[in-house]
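Subject: Handing over the structure

Hello,

Here is the structure I promised to pass on. Have a look at it first, and then read my notes underneath.

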Amino acid sequence: MSLGYVLVRSILLVLLLMGAFAYFMVMERKVLGYFQLRWGPVRVGPWGLLQPIADAVKMVSKEDTAPAGADALIFHAAPAIVLFVALGAFAVIPLGPTLHFGGFAVPLSVSSPPSSLLYVLAIASLGVYGISLGGWASQSKYALLGSLRASAQMVSYELALGLAVISAVVLSGRLDLPGIVAAQSQHHLWGVVPDILGFAIFAICSVAECNRAPFDLAEAEGELVAGFHTEYSGFRYANFVIAEYINMFTMSALGALLFLGGWNGPFGLGASFWWLLLKMAAYLFFFIWVRSTYPRIRYDRLMGFGWKVLVPAAFVNLVWIAVFVGLLGGWR
Amino acid sequence: MAAAETTTLNMGPQHPATHGVLRLVLELDGETVVRCVPEIGYLHTGIEKNVEHHTWQQAITDTDRMDYLSPIINNLGYCLAAERLLGIQVPERCEYIRVLMAELSRIASHLVFIGTYALDLGAMSVYFYAFQAREAILDMYEAVSGVRMNLSYLRVGGLQYDIPPQLQGMVDRFLEELPRWMHDFRSLLDDNPIFVGRTQGIGVLTPESCRAWGVTGPALRACGVAHDLRKAAPYSGYERFDFTVPTRSEGDAYARYRVRLDEIEQSARIVRQAMDGMPSGPWRSADRKVTLPPREELTTSMESLIHHFKLASQGFRVPPGQVYQAVESPRGELGFYIVSDGGTHPYRMRVRAPSYYNTQALKQLLEGELVADAVAAVGSLDMIMGEVDR
């Protein structure tokens, strides 16, 4: 693969993600609105559909402020780190089966290394650096508390998330995402069927991983004003928001690929990008639904829940999957 | 290492969870509050002083603006105090209407509490549900007085207007819908493990500390003391109505939340009884020295014209004396201490604002808690800064 080829595909992916972000934002505000007896955006464009453009114009034209005591280099680098990491993690997510145009194979991911799953986890964990550093460099106490919480939360949840993902790896015996999808379709059984507990743990941890309500402790509007991004404005603030949403895309894609059969339709109903999109949309809807329903969990309880409930449960699940694969013959 | 270092966190006066302009200076060890200094006064509007420059009737508009979530109950306390000084009785229908509107505004105030409290704890949908439920009450405010907030509907010696005929239907509809809203709140919050975990055992008050700080209202009843002025010292004919005083024994934030939910149901019972038993007859005092004469008399009666002119230009005079009248506001004992020197303006008014006394307990509530719990504890007292600072 030539460098230019990768570059073109990267740019296409970034554009795709930005568009998806913009319209997922509208979807979230609409869905939240309907949950809450209101309309959501309706003023800009038909049915509020031009809202993201208005938001983008607003964000870019806002003044870029920094607190007087802030560590300028880190303060300005943090949003870039967060966004870079979020985009980087998505690079290996395959969005569908490899397409063939007259003998020319086009895989639907920027890159597909042999152990793409490891790469996603490794890169995704780096995102917390941006959040912690951004909050720390802001020279604001609310931001500092937010970033401390973000790191504590990451430590508590990454482990359970990793264990849930490992259960999918054990189940399929593969470490690359297309391989895991292929394993599920080969055996005509989605990962979620034997691994329902693993999927539940993954779902909870993915909400925490994306800093979304009820695990949005790092922002915690009612307590920390806006948490780690209190001092950010304009486009730098937008970076954090975009990264949060792209992380949600990554997590929903992972959930769909690892546990829900990826781009394969149920009951052998063909394989296409649209199935994956549908599953991701359902997963993202779950994110919104949870957000509109639950109060924010308390910081120390969140860590207690992670360490005392999710991690042991993930270990038990891993043992069950190992038994399922090793003694019961797994899918074979 | 030396002793643990602490951080001073300035929470407020502009902070999403301090409901207006309460400022808390928190000394934190990690996320634990070791010292809390509440600071008030950011919303001082000089209401008690303004009253001295308004006539007895005009002063009602000042009382609205203290506890703006239950304006009618403020009006009621003030009007009852002034009427005691004047020594006049209002007709029975007027008392019923006052109770009806006061209980509606108690429901509205508690609905705002539920919504904002849930929002503080991060449950955003409940906020919209509670405000949607409250909307019906604001519509009723508008129907009776033309205003949706700070309505100044009561008058010394009566009311601004009689209730309009369509109010009956509005009340019926609201009372029919209310149980469904209550079911929504209860199912979203009552047994929600996250909500219970955030509020249970947080900000515990004991009956002794309530007495020491002068804490009243739902916060007092949540520690098991069934003290409610509507029962303890009935006013405006509350003894005619059948209702209970909900209490709980835990004294924590969760108990305060549950007490308020139960109070909504009791208030709804009172509203039902007041609407059903609404007597006919005059809706304001017949004392022409205090209440305006009916419009049609002005063209036929010289005396009415004189009364109208005197009342509208300088107001009525109130015999010298002093009075303390307390009513049960959604936040506790709301007392009006008024001194009259026999003039057309109150000589001095001092308000015992329940939020002010409840706010004093904050220091004790917050020390030793986490920052996140501080938000849960502050919200559970449901203070209105307009009333604290007056």
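Below is what was found in it, with chain B as the main topic.

A word on the source: this is a predicted model, in which local features need pLDDT of at least 70, side-chain atom pairs count only at pLDDT 80 or more, and totals for chains, interfaces and linings use all residues. Residues are numbered from 1 along each chain as its sequence is written, while chains are lettered from A and ligands numbered from 1 in the order in which they are written.

Let me start with the whole chain. Chain B has 16 helices and eight strands (DSSP runs numbered from the N terminus: H or I of at least four residues for helices, E of at least two for strands). Its radius of gyration is 22 Å, close to the 21 Å from the globule rule for 390 residues, so chain B is as compact as a globular protein of that length (the radius is taken over C-alpha atoms, and the rule is 2.2 Å times the number of residues to the power 0.38). The C-alpha trace of chain B spans about 90 × 45 × 30 Å along its principal axes.

Of the 390 residues in chain B, 52% are buried (20 or more other C-beta atoms within 10 Å of their own, with C-beta atoms placed from the backbone). Helix α15 (residues 371-381) of chain B is mostly covered, with eleven of its eleven residues buried; B:Asp373 and B:Leu381 are among them. After α15(B) comes B:Asp382, with a positive phi near 55°.

Now to the inside. The largest nonpolar core (buried Ala, Val, Leu, Ile, Met, Phe, Trp, Tyr and Cys residues joined through C-beta atoms within 7 Å) has 215 residues, and A:Cys205 and B:Ala82 have the most contacts inside it. Helix α4 (residues 92-120) of chain B gives the most to this core, with 17 residues.

Another helix to look at is α5 (residues 124-145) of chain B. Its 22 residues should span 32 Å at 1.5 Å a residue (times one less than the number of residues), and its end C-alpha atoms are 31 Å apart, which agrees. B:Gly146, with a positive phi near 90°, follows α5(B).

Finally, strands β6 (residues 321-329) and β7 (residues 332-340) of chain B pair in the antiparallel sense over nine bridges (pairing takes at least two DSSP bridges). They form a hairpin with two residues between them, and B:Ala326 has B:Gly335 in β7(B) as its bridge partner.

Best wishes

Terms used: A residue is buried if 20 or more other C-beta atoms lie within 10 Å of its own, exposed if 12 or fewer, and partly exposed in between; C-beta atoms are placed from the backbone.
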